[in-house]
There are 2 protein chains.
Amino acid sequence: MTTKIRIGIAGYGNLGRGVESALAQNGDMELVGVFTRREPGQLKLLGNAPVLHIDDIGQYQGKIDVLILCGGSKNDLPEQGPALAALFNTVDSFDTHAKVPEYFEAVNQSAEPAGNTAIISVGWDPGLFSLNRLFGEAVLPEGATYTFWGKGLSQGHSDAVRRVPGVKAGVQYTLPVPEAVERVRNGELPQLSTREKHKRECFVVLQEGADAAAVEQAIVTMPDYFADYDTTVNFLDEETLRRDHEAMPHGGFVIRSGTTGQGNTQVVEYSLKLQSNPEFTASVLVAYARAAHRLNQMGQAGAKSVLDVPPGLLSPKSAAQLRKELL
Amino acid sequence: MTTKIRIGIAGYGNLGRGVESALAQNGDMELVGVFTRREPGQLKLLGNAPVLHIDDIGQYQGKIDVLILCGGSKNDLPEQGPALAALFNTVDSFDTHAKVPEYFEAVNQSAEPAGNTAIISVGWDPGLFSLNRLFGEAVLPEGATYTFWGKGLSQGHSDAVRRVPGVKAGVQYTLPVPEAVERVRNGELPQLSTREKHKRECFVVLQEGADAAAVEQAIVTMPDYFADYDTTVNFLDEETLRRDHEAMPHGGFVIRSGTTGQGNTQVVEYSLKLQSNPEFTASVLVAYARAAHRLNQMGQAGAKSVLDVPPGLLSPKSAAQLRKELL
């Protein structure tokens, strides 16, 4: 019997819970423990793994093959990523696109001397979408790449809506504009403005006595978040919000359209339709945790991204079995 | 100035011509020569590279970084693949799925001792579709993978049509059944028979005096090729065939549908819509030729498949640039 890959989870929000679920679907892995900043006794897991305080994580060196970091990109990972990559092989979903290069450097400087492998920015965007942008431009160098998101719940934009005075609760969905997607799929290579690519739809519960028109105006004119988009604001009561808008669906498309030879149009499309965004991201993290373990066994230490990982390492199957079944 | 990657093409049919076109789109590569079994003087290239006889290829060792093999999987590659991987780094589009394992072994046994890197079965199926089948099952272990082909011209089935007595000329298109694709996209995980997944459409020019009904009957009942499908046969004249059916479009979908957590459905789809099948396959070959060169420089000799290649190696850009632009 081969031994299982021993996994730790650092941080137990939606993503950490998703990782716990995903591990149960992967028979070659086992969950050693969940590490939290909260009082461990207060955490209720889906399964039976021990819950431990993050301050005690150092004692688990040598007992965990890969630690999956499930904290947020804004406050948690910039600190935890480099700190924990000094102790463990890690996988994380750092998704502040503009800060990826400096985060990569920071993680690398701590992982490499420790002989650990740290795969950063894993998930679907960044992650699987990044891979598809890469394949698209490498295979069709003369063309254009389009990324559309949605229909999906956007955490950042929902937070922005909830900060508007007079808003008690609310969520925001990002939607691709169907006409724009159609033009891209047809290989038209359109130039598209921000407004032409996506629209935004808000569902808002007002505080008692709040002025609906003023709230709507404050949302649709909010710079950076809504002003550049066609935004609709729907008002509803709290029960309806809870009933109809608790799920966290998301998805999107990466489309590469290019020409080859004497003007032949070639269109490549990758699309995701997700009923649970955090569970899907977690599933990607778990597959890359397997790859991190193997890369480390092969002596490949330091920071990596999905662009560096041979795809076969994601699968529990052997290279020979994969060739036989999938080529 | 960095030196260009020196490429050779072995075989100059539709695929070889596609590689020649694709190389013109990749500024970091140059075409050293085209090698053919025909009389070199009779070959008319799109560009100005020299045409050489395949028997003289041994003289080009050290002058070519990667040789792209553009022969057929049935007769050419089983012999050329191992023979040429002893002399050069190679990339090929070997696509006889059932024989991939033995072909891999044969190429490996010749490439590895020679210190050459040989990437086999490159293209879109096998190739990019294989990668997507891999990502699908690795990320969503509880689910099912569906591959649909078309609408596209099938060379093997067109040949079968042309072998029917009474047929002067003809082509065959494979088409996915839209209802089946829709059910898979909806995450229904249907069990689909061969007939339910694809249908076949033939366009046939009859020989003078041939019996249309007999030809149609011979086609639709042909075992292996047509009997298991709903097949339509259309008759047309030779000019119409030439005018409307000369292009080589193809495409298809790989769809992975799975569940995570407490039954959330997640659907991943990869699709291609190609106006020129051979030109697209050629474009994939050229990107993997870049990777073969780099893997060899990194000391990774032997046979490889797309499943073994870190995706970043396909791009002319540096790893740091890719992280900045694509993550």
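**Exercise 1.** In this predicted model, find how many bridges join β7(A) to strand β12 of chain A, and which way the two strands run.

*Solution.* Start with β12, residues 250–260 of chain A: seven bridges join β7(A) to this strand, and the two run antiparallel. Now pick out one pair: Trp149(A) has Gly252(A) in β12(A) as its bridge partner.

**Exercise 2.** Place these strands in their sheet and name the strands at its edges.

*Solution.* First, write down the order: β7(A)-β12(A)-β13(A)-β13(B)-β12(B)-β7(B), an open sheet of six strands with antiparallel pairing. Next, look for strands that pair on one side only: these are β7 (143–149) of chain A and β7 (143–149) of chain B, the edge strands. Finally, check the turn between neighbours, which is 10° on average, direction ignored.

**Exercise 3.** Work out what angle helix α4 and helix α6 of chain A each make with β12(A).

*Solution.* Take helix α4 (residues 128–139) to begin with: α4 packs on the sheet, and its direction makes about 5° with that of β12(A). Then turn to helix α6 (residues 178–185), which runs at about 35° to β12(A). Helix α6 lies across β7, β12 and β13 of chain A together with β13 of chain B.

**Exercise 4.** Decide whether Arg185(A) and Glu269(A) are buried, partly exposed or exposed.

*Solution.* Begin with the contact: their side chains meet in a salt bridge, 2.7 Å from N to O. Arg185(A) sits in helix α6 and Glu269(A) in strand β13 of chain A, 84 residues apart. Now use the cut-off: buried means under 20% relative accessible area. Glu269(A) has 9% relative accessibility, so Glu269(A) counts as buried. Arg185(A), at 23%, counts as partly exposed.

Methods:
Residues are numbered from 1 along each chain as its sequence is written. Chains are lettered from A and ligands numbered from 1 in the order in which they are written. This is a predicted model: local features need pLDDT of at least 70, side-chain atom pairs count only at pLDDT 80 or more; totals for chains, interfaces and linings use all residues. Side-chain values use heavy atoms; hydrogens and water are left out. Two strands pair if DSSP finds at least two bridges between them. Helices (H or I, at least four residues) and strands (E, at least two) are DSSP runs, numbered from the N terminus. Axes are lines fitted to C-alpha atoms, for helices over the stretch in contact, and angles run from 0 to 180 degrees between N-to-C directions. Contact means heavy atoms within 4.5 Å. A salt bridge is a side-chain nitrogen of Lys or Arg within 4 Å of a carboxyl oxygen of Asp or Glu. Buried means under 20% relative accessible area, exposed over 50%, partly exposed in between (1.4 Å probe, protein chains only).
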